[in-house]
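Colleague: I have a few things to ask about the covalent and charged contacts in this one. Can you put it up?

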Amino acid sequence: MPTAAGDDDGDPLDIVVALRCPVTPGDLAGALSARWSALEVERVIERPPIFWLRVRSPDRGRRAEVAAALSAAALPVRYVASARRPSAAVAPRFDAATGAAPRPDGWTVRGASSEDDPITPGRWFLRDGEGGIGVDRRRCGGGAGMRLGVIDDDAWAADELGLDREVLVMIEHPPRSQPHGSFMVAWAVGSRRPGGFRGVAPDASPRLYLIPKPGSCVLALPVAIVQAVSDGADVVVCAAYVEGSTTPMLDDALEFAARLGRRGRGCPVVFPTGREASSPPESLHASFSLGFGEPASDPRVFCVGPGARGDGWFLWRDRRGRSRPFANRGPAVRWLAPGDDITCPLPPTSSAPPASSVLPASSAPPASSVLPAPDAAPASSAAPASGAAPASGAAPMSERLCHAESSGASALAAGVLLLVLSRNPALRLPELDALVRRTLAPVPPAAPASAEPIADPWDLLPDGRDRDGHSAKHGYGRIDAGRACLAAGDPIALALLLIGEDGAARAWHDARAADPFVRGLYSRRLARWAVRVLLADPSLCHGVCALARHARLTAGDAARRRAHGAGVILRQLSVLVRGLAARRQAPAPRVRDEVAALLDRLERSATDAAAVQAVESRFGELADTVFADAAERGARQGAA
């Protein structure tokens with residue numbers, strides 16, 4: 001593992017003082033001026049419950065001495081930390097109740113667009129199959145109403161992106177030497193010029209937060225996270241090089257995002273696994289291990305690794321044709337998203353950055369690089385997938401391919417989170433995590449045969465998967481936008497997906513959209529709240545899944561349904577709705593009234609034989625519609 005930078009305690013002061021309430025720079029300087037000269041005190045953040053000031057002096061001093069001097073002056077100090085060096089110290093808890101949940105202020109959202117996604121070979125990462133994330137635009141939407149904060153340290157061609165705003169964090173001028181940050185915005189959302197690239201969530205509104213290059217200080221990253229969350233970001237992604245920047249301030253920033261972001265529901269923060277390679281002492285093998293003290297290993301972060309086209313971990317071929325890793329692995333990896341040979345989202349222009357900023361695929365790039373694929377097609381060679389025509393009006397005239405690595409994978413995952421939250425904005429952060437995890441696509445733990453020969457077999461270890469489904473390389477699996485969006489908006493669709501009936505979940509979604517009777521069974525407000533309840537209540541979720549399994553078993557066979565006895569469906573529905581009504585998780589008044597009215601109708605129907613028959617008959621018709629394919633399979637199996 002890389003050796004951490006040494007502590008600078010005792011050097012000339014360059015520290016962050018975190019306080020429990022606002023303190024003026026003058027008061028802070030007055031408390032320290034007797035011991036340190038030429039003090040510079042700068043207010044960094046004053047956003048309850050976070051109050052940070054940066055203190056600099058040419059005189060040497062220890063942080064414990066600073067804290068003691070502040071306490072002696074009766075100033076409410078929480079901690080004192082280095083502004084330049086990382087630290088694994090955990091910040092003392094702040095009182096989240098003293099801080100109001102951020103509300104978007106001046107960040108304009110976008111409405112739904114009508115433009116179609118183009119169909120090209122390099123956009124495989126959006127499709128279902130081939131290791132893509134399965135974006136189903138008709139059922140996923142485009143992320144309208146959502147806000148994305150992208151944190152990066154360079155953004156050439158940012159004027160192509162249609163940003164809501166570009167925010168400079170601890171820098172005076174926007175860096176324009178490499179396109180890394182612009183690529184992150186474009187893959188997650190897209191560009192806004194006519195016919196431009198459409199990302200995973202093309203209707204979301206992005207802001208770009210630019211921070212200094214690594215090595216100058218460790219303060220900019222947490223400041224940018226707090227700023228983005230305070231501005232109202234629904235999702236924050238940081239794919240810049242941030243290894244070695246864990247600090248108490250980052251602890252504060254991630255806690256602020258988790259507890260106060262999205263109006264108190266929690267703002268997801270996405271990091272890539274990165275690609276730090278080192279040779280541990282007395283070892284002949286390189287280590288592509290994600291350090292457990294790195295920002296991406298924090299349990300409040302969604303850590304994303306890159307997947308290959310087809311399946312498995314993203315491996316690249318060196319000049320001798322041998323496969324090598326393109327990302328770190330480790331216990332904290334959460335999800336996999338595509339990171340190999342995907343469309344470059346920005347076109348080459350006469351103002352392109354120097355060639356040195358885009359490395360050949362056979363090089364060993366840093367974690368933040370974005371590479372052209374070794375087989376990148378020239379501009380005129382891109383063609384639609386076999387048998388498919390370009391979507392109306394949007395197919396680009398040229399297409400280059402990029403190795404997006406874990407950086408691009410994290411941007412794609414952030415785009416998926418935007419789509420999911422647009423389907424159900426009420427989801428809290430733990431519910432969002434649970435929903436995405438329960439709809440992941442499993443990834444085989446072993447490397448595919450196409451990866452042979454492997455340069456160093458040790459690079460692929462460990463090659464197993466834990467009992468909970470976790471792999472050090474793949475996390476819990478590959479993120480699936482189509483499943484997650486279906487599950488986010490409807491409890492029946494969630495149950496159908498959990499039992500493996502993706503087609504039935506799509507059929508139920510379409511019936512809700514097209515059939516007034518099915519749409520009138522319950523409101524969208526009730527559906528979104530019920531999804532949250534099922535994610536939190538395993539017993540109730542099991543009951544809804546059991547109902548879905550029964551519908552699958554009896555679809556297309558009225559005699560089989562009748563054999564279970566009259567009134568059993570009505571009874572099961574009544575018990576499940578009663579379970580919803582009894583939840584301590586209080587819904588909005590309109591949802592609560594709707595649940596009570598629904599339960600009252602079911603209980604009244606149980607006393608009327610004709611009503612019982614009507615409920616059972618309608619349930620059977622819906623099961624036949626939703627499980628039409630399953631019923632046909634059952635009929636064929638019965639005939640055989």
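Modeller: What follows covers the disulfide, the unpaired cysteines and some salt bridges, in a model that is predicted.

Colleague: Cysteines to begin with. How many disulfides does the structure hold?

Modeller: The structure holds 1 disulfide. The link joins cysteine 344 to cysteine 402, with an S to S distance of 1.7 Å.

Colleague: And which hand does the link of cysteine 344 and cysteine 402 have?

Modeller: That link is right-handed, with 90 degrees about the S-S bond.

Colleague: Where do cysteine 344 and cysteine 402 lie?

Modeller: Cysteine 344 is in the loop between strand 14 (342-343) and strand 15 (371-372), while cysteine 402 belongs to strand 16 (residues 401-403). The two are 58 residues apart in sequence, so the disulfide ties together separate parts of the chain.

Colleague: Is cysteine 344 buried or exposed? Same thing for cysteine 402, buried or exposed?

Modeller: Cysteine 344 has a relative accessible area of 10%, so it counts as buried. Cysteine 402 is buried as well, at 2% relative accessibility.

Colleague: Next, cysteine 541. Which cysteine sulfur is nearest to it?

Modeller: The nearest is the sulfur of cysteine 545, 4.3 Å away, and cysteine 541 is in no disulfide.

Colleague: Why is there no bond between the sulfur of cysteine 545 and that of cysteine 541?

Modeller: Because 4.3 Å is too far for a bond. The cut-off for a disulfide is 2.5 Å between the sulfur atoms.

Colleague: What about accessibility for cysteine 541 and cysteine 545?

Modeller: Cysteine 541 is buried, at a relative accessible area of 3%. Cysteine 545 is also buried, with 6% relative accessibility.

Colleague: Fine, moving on to charges. How many salt bridges are counted?

Modeller: The count comes to 44 salt bridges. One of them is between the side chains of aspartate 7 and arginine 63, at 2.9 Å from N to O.

Colleague: Where do aspartate 7 and arginine 63 sit along the chain?

Modeller: Aspartate 7 is in the segment before strand 1 (12-19), and arginine 63 is in helix 2 (residues 63-72). The pair links distant parts of the chain, 56 residues apart.

Colleague: Which class of burial does each side get, aspartate 7 and arginine 63?

Modeller: They fall in opposite classes: aspartate 7 is exposed at 52% relative accessibility, whereas arginine 63 is buried at 17%.

Colleague: What does aspartate 9 pair with?

Modeller: Aspartate 9 forms a salt bridge with arginine 62, where the closest N and O atoms are 3.4 Å apart. Aspartate 9 comes from the segment before strand 1 and arginine 62 from the loop between strand 3 (50-60) and helix 2, so this bridge ties together parts 53 residues apart in sequence. Aspartate 9 is partly exposed, with a relative accessible area of 24%, and arginine 62 is partly exposed at 43%.

Colleague: Different region now. How far apart are N and O for aspartate 251 and arginine 300?

Modeller: That salt bridge has an N to O distance of 2.6 Å. Aspartate 251 is part of helix 6 (residues 248-264), and arginine 300 is in the loop between strand 9 (269-272) and strand 10 (301-307), so parts 49 residues apart in sequence are tied together. Aspartate 251 is buried at 14% relative accessibility, and arginine 300 is partly exposed at 22%.

Colleague: Last one. Which residues are joined into one network by salt bridges that share partners?

Modeller: Asp7, Asp8, Asp9, Asp14, Arg54, Arg62, Arg63 and Arg84.

Notes. Residues are numbered from 1 along each chain as its sequence is written. This is a predicted model: local features need pLDDT of at least 70, side-chain atom pairs count only at pLDDT 80 or more; totals for chains, interfaces and linings use all residues. Side-chain values use heavy atoms; hydrogens and water are left out. Helices (H or I, at least four residues) and strands (E, at least two) are DSSP runs, numbered from the N terminus. Buried means under 20% relative accessible area, exposed over 50%, partly exposed in between (1.4 Å probe, protein chains only). A salt bridge is a side-chain nitrogen of Lys or Arg within 4 Å of a carboxyl oxygen of Asp or Glu.
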